[in-house]
Amino acid sequence: MVKYTPPMGWNSWNTFAENVNEQVVRETAESMVSNGLKDAGYEYVVIDDCWSEPTRDANGRLRVDKKKFPGGIKKLADYVHSLGLKMGIYSCAGPLTCAGYPGSLDHEFEDAATFAEWGVDFLKYDYCYHPDSMHGKYLYRRMGTALANCGRDILFSACTWGGDATHTWIDQTGAGMWRSTGDIFDSFESMRGIIKNQYKILSYGGVGCFNDMDMLITGMRGKGHVGLKGCTFEEYKLHMSVWSILASPLMIGCDIRNMDSETRELLTNRGMLAVNQDARGARAYIANESDLFGVPEADVSPIFCRLLDNGDIAVCFTNLRDDAATFPLTTEKMGLGHSCGKKLVCNDIWSGESFEIQNDCLSFRLEPHTCKFYRVSVK
Ligand code: GLA
């Protein structure tokens, strides 16, 4: 199956890690429906690491931990499907997963068969303990081939953290998304590091194989497994804006059963989601890149733009710096020459306000760690 838009869903790792269990997954799936996340497009409910027994059964098959998942994965997947959602699970390209549970090395076909039998729709495939003697591309081709032959449509989510120049080979493996970064943590510094990692690989994620900037920390507010000091509302807004315009998969990481209304509004904002899910599939670019030459690394702050299906342009001004600064952008850099005579209608995605400009420069003074996210129409 070709994925035309970035996958959306929820993943257990950021909040629950080894404490994931059947009740959490059932309740999360239920609240995905009742909180309006399903209506907004979130569909995969993914169990990350720590779901299995520490050893395989006598036939070499993976076994679910019955203390955590008393009903087994098949029954849980049936329930998730009954809510109109999809079931995801996790394994690893090495002999062990990152948390030390059995991985799929040399068991690729039997594990793909097990997942298909259980009704799984998504496999996150990690990179811990991969053998040094084998390049990652061979390991991911193996699982990609196994999934393509398992008789079920299973979205292959590769998680190599961008290692071994993943972007140069991952779309040969059948993966529908690929992790381009190390693990996210719930702090602005972690988010900023991930954004800065993207500058050189913006052209590599897109339709069919999306660049996964890792699970969302929105709404974690310092709680859960990767919950460091947490972020402010404005920082979470910047997080959503950048993940949206760069077409990253949107996999929620907070405990949605207990999320506050601000978090819900950030996750379900239709304008933000429309940019993320835009049908043209054009890559985003850094529109102010020529202003960034020679600028000290700490002062670099990108203005991302992306041409959308209906001809609008998404524009995200970011201030990743720790001080306030002004960010100018000539419309030339957005694809509108001086002589085009066009008026721009700028719709603020978060506030809903709009204004028009006819001159050839947009400029904003932004407080540290904030952004402005516009959908600009050309009239
Ligand atoms: C790695 C991945 C994380 C998570 C953990 C599970 O660190 O990058 O996203 O899946 O393993 O152990």
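Visitor: Let's start at the ligand. Which polar side-chain atom lies 2.7 Å from an oxygen atom of the ligand?

Guide: For polar contacts, look for N or O atoms within 3.5 Å of each other. This is a predicted model, and here a polar side-chain atom of Asp49 sits 2.7 Å from a ligand oxygen. Asp126 has a polar side-chain atom 2.8 Å from an oxygen atom of the ligand, and for Asp183 the figure is 2.5 Å.

Visitor: How much of the ligand's accessible area does the protein cover?

Guide: On its own the ligand has 310 Å² of accessible area, and the protein covers 93% of that.

Visitor: And which residues surround the ligand?

Guide: Go round the shell and you meet Trp13, Asp48, Asp49, Tyr90, Cys98, Ala99, Lys124, Asp126, Cys159, Trp161, Arg179 and Asp183. Sorted by class, that gives six nonpolar residues, six charged ones and no polar ones.

Visitor: Cys98 is in that list. How many disulfides does the model have?

Guide: The test is simple: two cysteine sulfur atoms within 2.5 Å. By that rule the count is one disulfide. The partners are Cys98 and Cys128, with their sulfur atoms 2.1 Å apart. Now look along the S-S bond: the angle about it is 100°, and the link is right-handed.

Visitor: Which parts of the chain does the pair tie together?

Guide: Find the two loops. Cys98 is in the one between β3 (86–92) and α5 (108–118), and Cys128 is in the one between β4 (122–126) and α6 (136–148), so the link joins parts that are 30 residues apart in sequence.

Visitor: Are these two cysteines buried or exposed?

Guide: Under 20% relative accessible area is buried and over 50% is exposed, with partly exposed in between. Cys98 comes out at 32%, so it counts as partly exposed. Cys128 has 16%, so that one is buried.

Visitor: Why is Cys50 too far for a bond?

Guide: Its closest cysteine sulfur is the one in Cys98, and because 9.6 Å separates the two, a bond is ruled out. Cys50 is buried, at 3% relative accessible area. Cys254 is in no disulfide either, with the nearest cysteine sulfur, in Cys231, 12 Å away. Cys254 is buried too, at 1%.

Visitor: What about the backbone of Cys50, what is its phi?

Guide: Positive phi in a residue that isn't a glycine is worth a look. Cys50 has a phi of about 85°, and its place is the loop between β2 (44–46) and α4 (72–82). Asp106 is another non-glycine residue with positive phi, near 65°. Asp106 is in the loop between β3 and α5. At 54% relative accessibility, Asp106 counts as exposed.

Visitor: On to the strands. In what order do the six strands of the open sheet come?

Guide: As a general idea, strands of a sheet pair through backbone hydrogen bonds, either parallel or antiparallel. In this sheet the order is β9-β10-β11-β16-β13-β14, with antiparallel pairing. β9 (285–286) and β14 (354–357) are at the edges with a single partner strand each, so each has one side without a neighbour in the sheet.

Visitor: How many bridges join β13 to β14?

Guide: Four bridges link β13, residues 344–348, to β14, and the two run antiparallel. To get the register, put Leu344 opposite Ile357 of β14.

Visitor: Which strand has six bridges to β15?

Guide: That's β12, residues 325–330, which runs antiparallel to β15. To place this register, use Thr330, whose bridge partner in β15 is Cys361.

Visitor: Along β15, which side chains point to one face and are buried?

Guide: Follow the alternation along residues 361–366: Leu362, Phe364 and Leu366 are on one face and buried, while Cys361, Ser363 and Arg365 point to the other face and are not buried.

Visitor: One last spot: where does Ser31 lie?

Guide: Ser31 is part of helix α2, residues 22–34. With 9% relative accessible area, Ser31 is buried. For a sense of distance in space against distance in sequence, take Ser31 and Ser187: they are 156 residues apart along the chain, and their C-alpha atoms are separated by 25 Å.

Technical notes. Residues are numbered from 1 along each chain as its sequence is written. This is a predicted model: local features need pLDDT of at least 70, side-chain atom pairs count only at pLDDT 80 or more; totals for chains, interfaces and linings use all residues. Side-chain values use heavy atoms; hydrogens and water are left out. Buried means under 20% relative accessible area, exposed over 50%, partly exposed in between (1.4 Å probe, protein chains only). A residue is near a molecule or strand if one of its heavy atoms lies within 4 Å of it. A polar contact is a pair of N or O atoms within 3.5 Å; within protein, one must be able to donate a hydrogen and the other to accept it, and residues adjacent in sequence count only if both atoms are side-chain atoms. Accessible areas come from the Shrake-Rupley method with a 1.4 Å probe; for residues, only the protein chains shown count as cover. Ala, Val, Leu, Ile, Met, Phe, Trp, Tyr, Cys and Pro count as nonpolar, Asp, Glu, Lys and Arg as charged, and the others, Gly among them, as polar. Two strands pair if DSSP finds at least two bridges between them.
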